[in-house]
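Me: I should like to understand the terms used for a protein model. Please explain the reasoning behind each one.

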Amino acid sequence: MKHKRLPLSIRILIGLFLGIIVGLLLQGKADFAKTYILPIGTIFLNLIKLIIVPLVFASLITGVASLGDISKIGRIGAKTFLYYLFTTAFAITIGLVLATILNVGAGFVLESNNLENTVEEAPNFIEVLVNIVPANPLESLVNGDMLQIIVFAIIMGAGLLAIGEKGKIVFDVFDSIAECMYKITGAIMKLAPFGVFGLIVPVVAEQGIDVLLPLLKVIAVAYLASAVHLFVVYAFTVKTMGNMSPAKFFKGAFPAWLMAFTTTSSSGSLPVSMQCAEEDLGVSKPIASFVLPLGATINMDGTAIYQGVCAIFIAQVFGVHLEVNQYIMIILTATLASIGTAGVPGAGLIMLTMVLKQVGLPIEGIALVAGIDRILDMCRTSLNVVGDISCAVVIENSEQKRINK
C-alpha cells in the first residue's frame with residue numbers, strides 16, 4: 001500500500017524542530033555546527049538565489065503578454081492591476097508600521113556575517129525613482145537588481161502584447177523558461193526542510209532556545225495586520241468604490257475565506273470565490289471570470305503583509321536599523337515582486353528573499369520564520385482571496401456606472 005507523503009509545510013516544521021533539538025545538543029560546539037551543518041543551509045539559500053532572476057523575469061513577461069487583446073481588456077485589466085497594486089502597497093505598509101510600532105523582533109539580537117551590507121548609505125527617494133528604470137537591462141539582470149528587472153520585464157511583456165502574432169516565438173521561449181523555473185522552484189522547495197535544518201542548528205547552538213521566543217510575536221503581529229487590512233482597507237474600498245455595505249461583503253465572501261484559510265491555496269479556492277462573487281455579491285460572470293483568476297495569480301496582499309512583518313522582525317533580531325529609504329525599497333520591491341512570483345510554490349519565501357536582498361538584510365533570517373510558515377500561510381492566503389473578491393465587486397460597480405452613463 002502506497003503511503004501519502006507528508007505536506008511540505010509539515011516537513012519544514014519537522015526540519016525546524018529537529019534543527020532546534022540538534023542545536024541544543026550542540027550548545028558549546030557552535031564551531032562544529034557552523035563548519036559541518038551550516039553549509040547545508042548555505043547551499044539551499046544559494047539555490048533560491050539562483051532561480052530568482054530568471055523566474056521573475058520570465059514569469060512577468062509571459063504574464064503581461066498573455067493578457068490577450070489589449071483593445072478589449074485594456075480598460076478592465078488596467079483597473080484590476082491598479083487595484084491590486086495599490087492594495088498590496090497598503091498591505092505591506094500596514095505590516096511595516098505595525099511591526100515597527102510593536103517591536104516585533106525586540107528582545108533578542110543575533111549577529112550576522114551579512115551586516116556589513118547594511119552600512120552602505122541608502123539612496124534618496126528621487127534616486128530610487130530614477131533607478132527603477134534600467135539604462136542597461138542586461139546589467140540589471142547580471143547584478144540581480146530586482147526593481148529594474150521587474151520594470152524591464154513589464155515593458156517587454158507589454159511590447160510583445162502590442163506586436164501580437166509577431167511576438168509569439170519570443171513569448172513561447174519565455175513561457176518555456178517560466179515553466180522550467182516553476183519546476184526547478186518546486187524541486188528546490190522540496191529541499192527546504194534540509195535548508196531550514198542547516199540554517200537553524202548553528203543559530204540555536206550559538207544563541208540557545210531564547211532565539212525562538214519572538215516567533216509567537218511574529219504570528220500575532222501578522223494576524224493583527226491582516227485584520228486591519230481586512231476591516232479597514234477592504235471595508236473602505238468595497239463601501240466607497242464598490243457601493244456595497246461591508247457587512248454584506250464579508251458575509252458573502254466568508255465561504256471563500258474559510259476555504260482559503262483551510263487549504264492555503266488561492267487557486268484551489270477559486271471555484272468557491274467565483275460562486276460567492278456571482279451568487280452572493282452580484283458580480284457578473286464576465287467580470288468574475290477575468291478579475292478572480294487574475295487575482296489568484298497576481299494579488300498577494302496577505303503575502304505583502306508577511307514580507308513587511310518578517311523584514312522588520314529579521315532587521316530587529318539582527319540589530320539592523322532601517323532608514324526611511326529602505327522602508328520605501330521594501331514597499332516597492334514587495335509590491336512589484338508580488339506579480340512576478342505569484343502562483344509559484346514557496347512564493348512567500350522567494351519574495352522574502354528578494355526583499356531582504358534588496359535592502360541588504362541577512363537572508364539567513366528566513367530560517368527563523370520558515371518553521372511557522374504554515375500558520376502564516378493560512379492567514380495570508382485567505383486575505384489574498386478576500387482581496388480578489390473585493391476587486392471583483394469594485395470593478396463590477398465601476399463598469400455598471402460606465403454603462404449607465
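Me: What makes lysine 168 and aspartate 172 a salt bridge?

Reply: This is a predicted model. In it, the closest N and O atoms of lysine 168 and aspartate 172 are 3.0 Å apart. The cut-off for a salt bridge is 4 Å, so the pair qualifies. Both residues belong to helix H8 (residues 168-190), 4 residues apart, about one turn of the helix.

Me: Why is lysine 168 called partly exposed?

Reply: Its relative accessibility is 41%. Partly exposed covers the range between under 20%, which is buried, and over 50%, which is exposed; lysine 168 therefore counts as partly exposed. Aspartate 172, with a relative accessible area of 33%, is partly exposed as well.

Me: How many salt bridges does the structure hold, and which of them links distant parts of the chain?

Reply: The structure holds 3 salt bridges. One of them joins lysine 79 to glutamate 399, with the closest N and O atoms 2.5 Å apart. Lysine 79 is in helix H4 and glutamate 399 in helix H18 (residues 373-404), 320 residues apart.

Me: Why is glutamate 399 called buried?

Reply: Glutamate 399 has a relative accessible area of 9%. Because buried means under 20%, the term applies to glutamate 399. Its partner lysine 79, at 23%, is partly exposed.

Me: What makes aspartate 377 and arginine 380 a salt bridge?

Reply: Their side chains meet at 3.3 Å, N to O, and this value lies within the 4 Å limit. Both residues are in helix H18, 3 residues apart, and both are buried. Arginine 380 also lies over the face of tyrosine 306, at 4.3 Å from the ring centre.

Me: Why are the rings of phenylalanine 57 and phenylalanine 152 called a pair, and is that pair stacked or edge-to-face?

Reply: The count comes to 8 aromatic pairs, this one among them. The ring centres are 5.6 Å apart, within the 6.5 Å limit, so the rings pair. The planes are at 15 degrees; because planes under 30 degrees apart count as stacked, this pair is stacked. Phenylalanine 57 in helix H3 (residues 38-65) and phenylalanine 152 in helix H7 (residues 146-163) are 95 residues apart. Ring pairs link Phe57, Phe152 and Phe174 into a cluster.

Me: How do you know that asparagine 243 is exposed?

Reply: Its relative accessibility is 63%. Exposed means over 50%, so asparagine 243 meets the condition. Asparagine 243 is placed in the loop between helix H10 (214-240) and helix H11 (246-263).

Note on methods:
Residues numbered from 1 in each chain as written. Predicted model: local features only at pLDDT ≥ 70, side-chain atom pairs only at ≥ 80, totals over all residues. Heavy atoms only, no water. Helix = DSSP H or I, 4+ residues; strand = E, 2+ residues; numbered from the N terminus. Buried < 20%, exposed > 50% of the residue type's maximum accessible area, 1.4 Å probe, protein only. Phe/Tyr/Trp six-rings, centres within 6.5 Å; stacked < 30°, edge-to-face > 60°. Lys NZ or Arg CZ within 6 Å of the ring centre and 35° of its normal.
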